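Reader: I am new to this structure and would love a close look at one part of it. Could you take me through the packing of two neighbouring helices and then show me how their surroundings fit in?

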Amino acid sequence: MIDDPMKKRIWKRLTLSLLFVVAIAQCAFSQDAQRLKVGLVLGGGGAKGAAEVGVLKVIEEVGLPIDYIAGTSIGSIVGGLYALGYRSAELEKMFRSQEWLNLLADREQRHEGKVISEEDGVVYVLGFPVSRKNSKKEDPNFGAIRGDHIVELFDSITGVKDSVDFSTFPIPFRCVAVDMKNQQEVVLSSGYLSKCMRASMAIPGAFKPVEIDGKMLVDGGMLNNLPVDVVKAMGADVVVAIDLTQNKHETRDFSLKEVTGIGGILDWAVSRPDWKKYNENVKMVDVHINPNLAGYGATSFGKKSIDEMIRIGETVGRKHRAALVALKKRIVR
């Protein structure tokens with residue numbers, strides 16, 4: 001027992017100080033526990049993904065925390081890298097510096113100056129592989145492009161070369177692909193990251209499907225180009241979606257069984273069987289950012305186009321800045 005009055009006062013002050021610190025810590029913990037979780041959705045669109053980088057600049061400026069990420073096609077690439085810790089400045093540098101057309105199409109620069117050439121049973125036209133009939137790399141699956149170079153790029157950028165659980169990333173991540181055999185959406189939550197991102201962007205008829213766990217996977221945009229439902233399933237309470245879709249359509253019934261040969265792919269491109277899911281997903285978005293990229297396409301990987309799309313993304317992001325700030329204030333209950 002403390003008898004000295006001075007010591008009693010000091011002890012009382014120390015006790016009060018300790019209680020104050022504990023109360024502050026409990027309050028901070030309580031606020032974090034009650035904070036709404038934010039999901040970021042990155043849609044597919046090929047080269048138009050450069051606009052997503054511009055929007056991310058503004059999200060970072062606002063300081064909106066991101067708790068979960070889901071992406072499709074180019075959105076899976078941007079999203080996967082962002083989940084690992086890359087930020088807009090690094091992604092912008094990547095978009096501006098890579099020879100995207102060569103990487104995405106497996107173009108062999110040693111053949112690009114020749115109209116037709118052949119090596120190891122592979123026939124090249126202007127450097128692009130178009131036939132592998134007698135090649136040791138023969139692959140019977142529909143699609144001309146193997147995507148070897150882009151996987152090598154992903155390996156070097158991500159530094160992740162083993163099978164991993166994407167929930168262990170600094171920001172938990174999911175990417176979307178489609179199983180062509182069963183005509184079903186596949187949400188990839190673990191595995192070899194580079195291969196999963198490559199599967200998510202495997203446009204049928206252009207890229208070879210990617211085999212994962214016995215399934216032949218192609219571009220997730222075939223069924224879910226804006227995977228809001230996926231990030232919601234991860235635990236997101238509110239959603240920010242960067243949507244690269246330009247031409248909107250009403251829902252129409254369509255089966256992937258119709259996607260056979262070039263005619264089927266063209267029909268799919270016009271009909272967009274993913275619209276039912278897309279229209280449902282858009283309704284669940286809290287901040288929907290949809291840059292106007294008219295005049296730009298999935299293959300607009302030229303330097304000038306990339307520069308302009310990044311600028312467009314940043315501009316539209318700033319138009320939504322007030323909504324992002326409001327969402328930041330809202331997420332703490």
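Author: Happy to help; here is a walk from the whole chain to a pair of helices, then to the core and a few single residues.

Please keep in mind that this is a predicted model. The mean pLDDT of the chain is 80, and 67% of the residues reach 70 or more. Two stretches call for some care. Over residues 135-143 the pLDDT stays under 50, and the model gives that stretch 24 contacts beyond four places in sequence. Residues 256-263 also have a pLDDT below 50, with 17 contacts in the model beyond near neighbours in sequence.

Now for the overall picture. The chain has 333 residues, and 48% of them are buried. Its secondary structure comes to twelve helices and 13 strands. Of the contacts between residues at least 6 apart in sequence, 72% join residues at least 24 apart.

The pair for our close look is helix α2, residues 50-62, and helix α3, residues 74-84. Two packed helices are described by the angle between their axes and the distance between the axes. Here the axes come within 11 Å and cross at roughly 35°. The crossing of α2 past α3 is right-handed. Which residues meet there? From α2 come E52, L56 and E60, and from α3 come I74, G75, V78 and Y82. Sorted by class, this contact holds four nonpolar residues, two charged ones and one polar one.

Helix α2 also leads us to the core. The largest nonpolar core has 65 residues, and L40, I59, L64, I69 and V240 are those with the most contacts inside it. Eight of the core residues come from α2, the largest share. In soluble globular proteins, nonpolar side chains tend to be buried together. Let us pick out L64: beyond its neighbours within four places in sequence, L64 is in contact with V38, I59, V240, L324, L327 and K328. A separate core of 15 residues lies apart from the largest one, and its members include A70, L226, V231 and V285.

Two strand residues come next. G39 belongs to strand β1, residues 38-42. Because its relative accessible area is 0%, G39 counts as buried. Leaving out neighbours within four places in sequence, the contacts of G39 are Y68, V231, A236, V238, V239 and V240. G39 and V230 show how the chain brings distant parts of the sequence together: they are 191 residues apart in sequence, yet their C-alpha atoms are 9.5 Å apart in space.

T72 sits in strand β2, residues 68-72. Is T72 buried or exposed? T72 has 0% relative accessibility, so it counts as buried. Among the residues T72 touches, not counting those up to four places away in sequence, are L42, G43, G44, V176, S200 and D219. G220, G221, N224, N225 and P227 are on that list too.

To finish, let us visit another helix. D155 lies in helix α6, residues 148-158. Its relative accessible area is 14%, and because the cut-off for buried is under 20%, D155 is buried. Outside its neighbours within four places in sequence, D155 is in contact with V160, K161, Y192 and S194. D155 and K195 are 40 residues apart in sequence, with 9.1 Å between their C-alpha atoms.

How values were computed:
Residues numbered from 1 in each chain as written. Heavy atoms only, no water. Helix = DSSP H or I, 4+ residues; strand = E, 2+ residues; numbered from the N terminus. Buried < 20%, exposed > 50% of the residue type's maximum accessible area, 1.4 Å probe, protein only. Contact = heavy atoms within 4.5 Å. Axes fitted to C-alpha atoms, helices over the stretch in contact; angles between N-to-C directions. Left-handed = near helix turned anticlockwise from the far one by under 90°. Nonpolar A, V, L, I, M, F, W, Y, C, P; charged D, E, K, R; others polar. Core = buried A, V, L, I, M, F, W, Y, C linked by side-chain atoms within 4.5 Å. pLDDT = per-residue confidence, 0-100.
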